Amino acid sequence: MSQSAVFQDAQRIGLDPNNAQWISLTYEKDWQEKVTLKHLIYDAHRNVIELEPLLPEYWQNNNAWFASEPVADSKGNVYRVDSKKHQLLIQKIGTDVFQPVENISGPGHYTGCLNTPISVTVDRRDWLYVADSANHRVQVIRPEDGTVVATLGEVDDWGRPLAGDKNGAMVEPVHVAVDEKKCRIYVVDRAAIKIHIFDHRFHYLSSFTPVTWEPHTLTPRAEGIQPEIVAVAVLADSSLAVLDLTRPRLQHMTASGEPLHDIAFHALNNPFQGGRPLPIQFVVSGELYSKAIDSRSYHCHWHKLAVQAEFPQGTQAHIQSFASDEPVVDGRRIWAPINPVAIPAEFEPNTESITYTRLVQSDTQRWLRQQQGPFERVMPKLSIQNTGPDQIDEFYLPGQQARKLRINDQIEFDNGLGDKETHTVSDIAPVTADFALYGVQRLYTAGARVYIKRRTNKTTSRQDDFYGQPRLLLELTPGQTLDLHSNKKQGHIHSKEISHSIAAFFQPGDEYIIRQGNDVSRIIIEGLDEGLRKITLSAATQGDYSTSYLTCVFSSGRLFAGNLSSFDHQTLLNEPVIVESLDPLPGSNAQLTFVDIEPNSDIGQIWLKDSAIQGSVDFANWRQFYSAPAEATDRGQYIWLRLKVFGTVSRQRHQFSLNTPSIHALRVQTPRFSYLRMLPALFSRRENRLDPTGSLFIERFLALFENKLTDIEAAYESVSRLLNPETTNEEWLQFLSTWLGLVFDPSWPLARRRQLILEAAELFQKRGTGPSLQRYIEIYTGRQPQIMEGFQYRPSQALVVGQTGRLGCSRLDSVSCDDAPYAHKFTIYVYLDDDCERQKLEPVIRHIIELMKPAHTQYHLCVIYAYSRVGLQSRVGIDIQLGNTPSNSLVLGQGPVVVPYQYQPELKPVLGREIIGNSNYQYVKKLTSSFTGQPGRTPQIFL
């Protein structure tokens with residue numbers, strides 16, 4: 001995964017390239033305690049936040065699962081089942097036709113017959129496991145000759161399969177998975193909602209009902225929800241993944257059924273045989289809200305947000321933050337605007353992990369406008385050449401100039417000969433506009449609202465989306481209409497005449513939304529007619545003004561001012577401005593908010609939210625306006641984050657997305673400790689005119705020295721962390737091991753290396769003792785071994801009547817008391833879960849014993865597994881129990897002893913009577929009735 005340099009450096013202990021403090025949300029505890037998720041879930045398997053998955057609709061059909069897909073063996077033969085014809089089919093190498101496997105027929109209940117087979121599985125020996133569903137069993141078949149090696153399930157006295165959910169009996173087996181590593185066989189029983197476990201000799205071991213955790217609450221799934229388990233797979237660590245048709249994620253559990261965190265379908269390749277991709281669907285969007293994050297800095301004046309995530313093509317994320325010195329605020333009021341701000345995409349989103357960063361600072365735009373000072377009133381002055389009024393009530397202006405006028409504006413005509421007249425604009429001709437139309441095609445009338453959704457910057461062609469929500473421009477009044485009737489299809493270019501009062505807001509490339517009731521239309525302006533436009537006055541002029549100057553002396557609903565380049569329409573929504581009148585009397589100011597702005601280079605105009613200025617200030621007598629005082633909108637000790645993520649929707653009508661962003665971590669960076677805090681408060685005063693919000697000259701000056709000193713302090717502080725075995729990285733852990741004379745074996749997991757270093761001093765202090773040897777091996781294997789010293793095997797001394805024994809209670813023969821065969825010797829019993837790991841683990845264990853044992857002693861290593869094997873491993877009192885006792889299990893270290901007989905589960909292995917079979921793998925076909933105790937029963941026992 002590629003990461004930005006900032007994120008990589010910040011992850012190093014004690015190193016921050018910006019010399020800043022940072023708080024991160026990364027681990028499971030962070031997501032559980034510090035955030036609230038809405039339509040998002042935490043995937044503990046991969047430690048990411050993703051969109052909530054959806055259950056595909058067609059999964060409601062019980063047959064919509066993938067265990068019945070064809071499977072191939074190691075030779076290239078392909079097998080599948082035909083449930084309707086009750087057949088097991090094979091497609092041999094070099095052929096393209098499926099044929100029935102020899103000696104396997106159906107339907108029927110006899111061995112070798114099938115009745116509604118559901119799936120087939122292949123193990124490493126190329127043996128086939130057929131889920132013979134209607135016969136309540138699984139048949140193990142050797143495909144070369146169709147020999148049935150074994151059957152998993154229960155039969156009656158006549159050999160007919162029995163339905164049940166105990167002692168290995170099944171109701172509806174539908175799928176089988178084989179764990180080659182642990183030599184276990186798992187059978188999914190859909191009707192019984194259980195998974196049955198058998199060993200490699202096909203002996204029944206146990207059953208369990210899968211229990212999963214809810215990804216939202218990380219608690220077991222609520223009762224009353226009936227699962228529909230149809231397939232099971234063994235993962236690399238021998239844990240199980242179960243496909244449940246009622247859940248949009250894979251259930252994950254240990255081999256014994258203990259619940260683990262669910263696994264997303266896209267987190268791993270399809271583990272079920274057949275490999276057909278699993279369907280993946282997510283909700284369209286989701287949100288994450290953080291609780292108050294303490295920056296530990298009162299009135300913290302800036303913070304930086306970093307999001308480490310994977311953004312597949314078409315996905316995106318928007319981020320927002322808020323800060324306050326109070327730890328508790330009204331959550332309904334802190335988020336303004338309503339929607340978060342999109343993260344600036346410095347790189348194109350792709351499938352690799354990229355850190356998207358948004359620097360959240362004070363309102364620098366307001367500070368720049370405050371630095372510029374008041375914006376003086378400017379009255380637009382236009383030149384008219386032979387198109388002005390000559391004792392008439394109408395004249396013509398080019399489209400670009402006509403845009404500056406509105407109905408009810410008052411304009412002054414000056415012909416340059418000393419004659420001046422002022423008239424009111426009563427009407428302006430409609431504008432012909434070309435636009436693409438989407439949505440409802442209708443005539444919009446009074447009450448309809450016009451919103452701007454997206455505006456294109458003319459110089460950079462960058463589109464601004466107004467914080468993701470449309471901005472209200474105007475509401476149609478009685479008499480105003482917007483005709484969007486058309487016979488053309490959606491998205492085609494339309495040409496319509498639009499009222500000037502509406503079209504004056506339009507600019508090519510912009511996108512607008514029109515709403516009235518439940519009807520919504522969306523238009524994208526492609527072009528506007530900039531030709532001459534007719535202007536009608538309220539009365540005819542008295543003189544000749546065909547060639548003259550025109551000045552707007554009263555602007556209705558808007559303010560004309562000089563250069564407004566310091567205004568950015570995307571900075572704030574409804575930003576307040578303070579308007580002053582020509583009257584210098586107190587109270588002659590009014591505070592208003594603007595809804596749109598045209599920051600032209602010469603004369604710009606600001607559209608105000610209110611149609612009239614309050615108090616003594618009006619559009620005729622206003623003198624100047626200025627921006628509201630600059631303030632730090634993100635200033636405060638406590639910081640809240642809000643992240644909104646979007647998936648990719650393939651079609652507009654789809655209510656689901658096909659992929660999801662994966663959020664790995666969120667980080668908030670705040671300013672470093674400033675030396676300004678060590679000075680008297682007088683030095684912290686800010687000059688409003690000279691210093692931007694949250695910035696002081698003296699603080700910037702001290703930063704010249706802080707930079708170098710902070711680097712030295714950070715390096716010094718990092719040493720203690722790097723020398724801590726619990727927090728240091730793998731490279732430094734290897735360095736620490738050399739201090740103790742340790743050389744790590746490459747097979748040791750990182751966690752066990754850390755533990756060994758933590759306990760190394762104590763282990764070496766007690767070197768040569770039994771407890772130190774036991775603990776060393778326990779760190780490596782995870783289980784404490786047992787030590788049997790030689791003197792514990794030594795026979796007792798001979799009996800001396802009246803001193804060491806009593807008649808009738810003691811032996812009378814003499815035993816040698818020579819200690820030589822038992823001195824300085826011990827046997828160590830080491831418990832392992834898997835005999836397949838012995839080749840890798842045993843050399844390491846022997847090396848540990850040689851390192852920790854007394855130099856003069858001899859030892860015998862005995863490896864114990866979690867089941868007895870007469871002739872190979874059967875130690876009375878350790879892994880085997882003699883006789884038929886009421887006890888149901890015998891503990892071996894931490895694992896139960898396997899009960900070998902599925903017909904008599906109460907029996908325990910009995911030395912001398914357990915029949916295993918010969919070395920040629922010939923299976924015992926019959927046992928005497930005296931052994932089984934049940935005439936007619938013929939169990940099969942395998943190696």
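**View 1. Helix 8 and helix 9 lie side by side in this predicted model.** Let us start with helix 8, which covers residues 750-765 and packs against helix 9. The angle between the two is about 170°, and their axes are 10 Å apart. Because angles over 145 degrees count as roughly antiparallel, helix 8 is roughly antiparallel to helix 9. To find the meeting place, look on helix 8 for R752, Q755, L756, E759 and L763. The residues they meet in helix 9 are S772, R775, Y776, I779, Y780 and T781.

**View 2. Helix 9 also packs against helix 10.** Helix 9 takes in residues 770-781, and helix 10 takes in residues 838-852. Here the packing angle is about 155°, with the axes 10 Å apart. This makes helix 9 roughly antiparallel to helix 10, and their crossing is right-handed. On the helix 9 side, the residues involved are S772, L773, Y776, I777, Y780 and T781. Their counterparts in helix 10 include K840, L841, V844, I845 and I848, and also I849, L851 and M852. If you have just come from the previous view, you may recognise S772, Y776, Y780 and T781, which also meet residues of helix 8.

**View 3. Strand 49 is covered on both faces.** This strand spans residues 638-646, and 9 of its 9 residues are buried. On one side you will find Y638, W640, R642, K644 and F646. The other side carries I639, L641, L643 and V645. Both sets are buried, charged names such as R642 and K644 included.

**View 4. Strand 49 has antiparallel links to strand 22, strand 23 and strand 25.** Which residues of strand 49 stand opposite L288 and Q316, or pair with I293? Begin with strand 22 (residues 285-290), joined to strand 49 by 5 bridges; there, L288 stands opposite L643. Strand 23 (residues 293-294) is joined to strand 49 by 2 bridges, and the bridge partner of I293 is I639. Strand 25 (residues 316-324) is joined to strand 49 by 9 bridges, with Q316 opposite F646.

**View 5. Four strands make an open sheet.** Following the sheet across, the order is 5-6-7-8, and the pairing is antiparallel. Which strands stand at the edges? They are strand 5 (71-72) and strand 8 (99-100). Each has a single partner strand, so one side of each is left without a neighbour in the sheet. Strand 7, made of residues 87-91, is joined to strand 8 by 2 bridges. You can pick out this pairing at I90, whose bridge partner in strand 8 is Q99.

**View 6. The loop between strand 8 and strand 9 holds P107 and T116.** Leaving strand 8, the chain enters a loop that leads to strand 9 (117-122). In this loop, the peptide bond from G106 to P107 is cis, with omega near -5°. Further along, T116 has a positive phi of about 60°, although it is not a glycine. T116 is partly exposed, with a relative accessible area of 27%.

**View 7. H39 sits in the loop between strand 2 and strand 3.** The flanking strands are strand 2 (35-38) and strand 3 (40-43). H39 is not a glycine, yet its phi is positive, at about 60°. Is H39 buried or partly exposed? Its relative accessibility is 40%, so H39 counts as partly exposed.

**View 8. T26 and A665 meet across 639 residues of sequence.** T26 belongs to the loop between strand 1 (21-25) and helix 2 (28-34). In space, T26 and A665 are 4.6 Å apart, C-alpha to C-alpha. Leaving aside residues up to four places away in sequence, T26 touches W31, N47, H664 and A665. With a relative accessibility of 18%, T26 counts as buried.

**View 9. E52 and F282 are another pair separated along the chain, by 230 residues.** Their C-alpha atoms are separated by 5.6 Å. E52 is in the loop between strand 4 (48-51) and strand 5, and counts as partly exposed at 22% relative accessibility.

**View 10. The whole protein chain puts the close-ups in context.** The chain contains 11 helices and 55 strands. Of its 943 residues, 47% count as buried. Among contacts between residues at least 6 apart in sequence, 65% join residues at least 24 apart. The accessible surface comes to about 47300 Å², of which 51% belongs to carbon and sulfur atoms.

Note on methods
Residues numbered from 1 in each chain as written. Predicted model: local features only at pLDDT ≥ 70, side-chain atom pairs only at ≥ 80, totals over all residues. Heavy atoms only, no water. Pairing = 2+ DSSP bridges. Buried < 20%, exposed > 50% of the residue type's maximum accessible area, 1.4 Å probe, protein only. Contact = heavy atoms within 4.5 Å. Areas by Shrake-Rupley, 256 points an atom, 1.4 Å probe, with all protein chains shown as cover. Axes fitted to C-alpha atoms, helices over the stretch in contact; angles between N-to-C directions. Parallel < 35°, antiparallel > 145°, perpendicular 65-115°, else oblique. Left-handed = near helix turned anticlockwise from the far one by under 90°.
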